[in-house]
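Biologist: Before we discuss this model, I should like each label to be justified by its value and its cut-off. Shall we proceed in that manner?

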Amino acid sequence: MSPGTKVMASNIATRVEWLQRFGGTDLEDLCVATETAIVDGNGFGWLKPPPRDILESYWRGVLLVPERELVAARLDGTIVGSGQLVRPAANNEAQAPVATLTTFFIAPLARGHGLARSMLMAIVTRAGERGFESLELTVRETQTAAIALYESCGFTRWATKRKYAKVNGAWVTGFYYARDIEPMRTVQPELRAAAAR
Ligand SMILES: CC(C)(COP(=O)(O)OP(=O)(O)OC[C@H]1O[C@@H](n2cnc3c(N)ncnc32)[C@H](O)[C@@H]1OP(=O)(O)O)[C@@H](O)C(=O)NCCC(=O)NCCS
């Protein structure tokens, strides 16, 4: 068993890891997790699951885009959720210290094992390692579990947008959150780009 793996009292092993590539059934598992989270509602921009090939292309693309890093949550080895740390585009020097957290979710049947908290802490730690000083995210007001988690991890709500997302024809309010990050080292933009490769 690898060092980052925790074994729960019920003998369910949980693990959070940064992905550089998809091995075995990882891509299929991530697609299944995504589909169940979309059907459950309260997550993602998708309102209904897209065709599987679109979903696979999306996740493959995430691993290819240099601005994105993908963290995965595993339950007994199977990917059941993920989150992304997104850095600003290289031309955006003024906002270079500000990273964004996006597409953060755990599939419904895998919730309640502490995986979301572990993923969030991994993302906060990685943001510091990359030299970021602020981490931002947005969340629908209906995503109450996520809001409780973010606030318990030091995120502060700084804005509210009434027309944030349109779901089933109705506007849903969105909240804007941020938390300061302690950069672990000063990273020049060119080094940050190299680290992302
Ligand atoms: C938010 C989400 C990722 C949490 O996943 P999870 O696996 O249940 O999270 P964890 O088991 O790590 O629990 C994290 C904390 O949230 C708390 N929590 C979980 N569900 C909750 C709820 N409905 N209301 C309040 N708190 C809740 C837990 O008690 C836990 O706190 P603790 O560590 O102090 O015990 C999951 O509910 C989800 O994917 N929701 C839909 C997608 C979403 O909202 N994403 C956010 C987009 S910005």
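**Labels and their grounds**

Biologist: Why is Val 71 called buried?

Modeller: Val 71 has 21 other C-beta atoms within 10 Å. A residue is buried if 20 or more other C-beta atoms lie within 10 Å of its own, exposed if 12 or fewer, and partly exposed in between, with C-beta atoms placed from the backbone. The count for Val 71 therefore meets the cut-off for buried.

Biologist: What kind of model is this, and how are its residues numbered?

Modeller: This is a predicted model, in which local features need pLDDT of at least 70 and side-chain atom pairs count only at pLDDT 80 or more, whereas totals for chains, interfaces and linings use all residues. Residues are numbered from 1 along each chain as its sequence is written.

Biologist: Where is Val 71 found, and what does Val 71 contact?

Modeller: Val 71 is found in strand β3; helices (H or I, at least four residues) and strands (E, at least two) are DSSP runs, numbered from the N terminus. Two residues are in contact if their C-beta atoms, placed from the backbone, lie within 7 Å. Leaving aside neighbours within four places in sequence, Val 71 is in contact with Val 16, Trp 18, Ser 82, Gly 83, Met 119, Ala 122 and Ile 123. Val 16 is 55 residues away along the chain, yet its C-alpha atom is separated from that of Val 71 by 6.9 Å.

Biologist: What makes β3 a paired strand, and which strands are its partners?

Modeller: Two strands pair if DSSP finds at least two bridges between them. Strand β2 (residues 13–19) is joined to β3 by 6 bridges and runs antiparallel to it, and β3 and β4 pair in the antiparallel sense over 8 bridges. Both counts therefore satisfy the definition. Val 16 has Ala 73 in β3 as its bridge partner, while Ala 72 stands opposite Ser 82 in β4. β3 is also mostly covered, with 6 of its 8 residues buried.

Biologist: What makes Asp 76 noteworthy, and why is Asp 76 called exposed?

Modeller: Asp 76 has a positive phi of about 50° although it is not a glycine. Most residues other than glycine have a negative phi. Asp 76 lies in the loop between β3 and β4, a hairpin with 2 residues between the strands. Asp 76 has 12 other C-beta atoms within 10 Å, so it falls in the exposed class.

Biologist: How do you know that Asn 168 is exposed?

Modeller: Asn 168 has 7 C-beta neighbours inside 10 Å and therefore counts as exposed. Asn 168 is found in the loop between β7 (156–167) and β8, and its phi is near 50°, a positive value in a residue other than glycine.

Biologist: What makes a set of residues a nonpolar core, and how many residues has the largest one here?

Modeller: A nonpolar core is a set of buried Ala, Val, Leu, Ile, Met, Phe, Trp, Tyr and Cys residues joined through C-beta atoms within 7 Å. The largest has 37 residues, and those with the most contacts inside it are Val 80, Ile 106, Leu 115, Met 119, Ile 123 and Ala 127. The elements that each supply at least two residues include α1 (26–40), β4 (78–86), β5 (98–106) and α3 (115–129). The largest share, 7 residues, comes from α3.

Biologist: How do you know that the side chains of β6 alternate?

Modeller: Leu 135, Leu 137 and Val 139 point to one face and are buried, while Ser 134, Glu 136, Thr 138 and Arg 140 point to the other and are not. In a regular strand the side chains alternate between the two faces of the sheet.

Biologist: In which sense does β6 pair with β5 and with β8?

Modeller: β5 and β6 pair in the parallel sense over 3 bridges, with Ala 99 opposite Leu 135 in β6. β6 and β8 run antiparallel and are joined by 7 bridges; the bridge partner of Thr 138 is Tyr 176 in β8.

Biologist: What handedness has the β-α-β unit of β5, α3 and β6?

Modeller: The unit is right-handed: with the strands pointing away from the viewer, the path from the first strand over the helix to the second runs clockwise.

Biologist: What span is expected of helix α2, and what does α2 reach?

Modeller: The expected span is 1.5 Å times one less than the number of residues. Helix α2 (residues 52–64) has 13 residues and reaches 19 Å from its first C-alpha to its last, close to the expected 18 Å. α2 is hardly covered, with a count of 1 buried residue among its 13.
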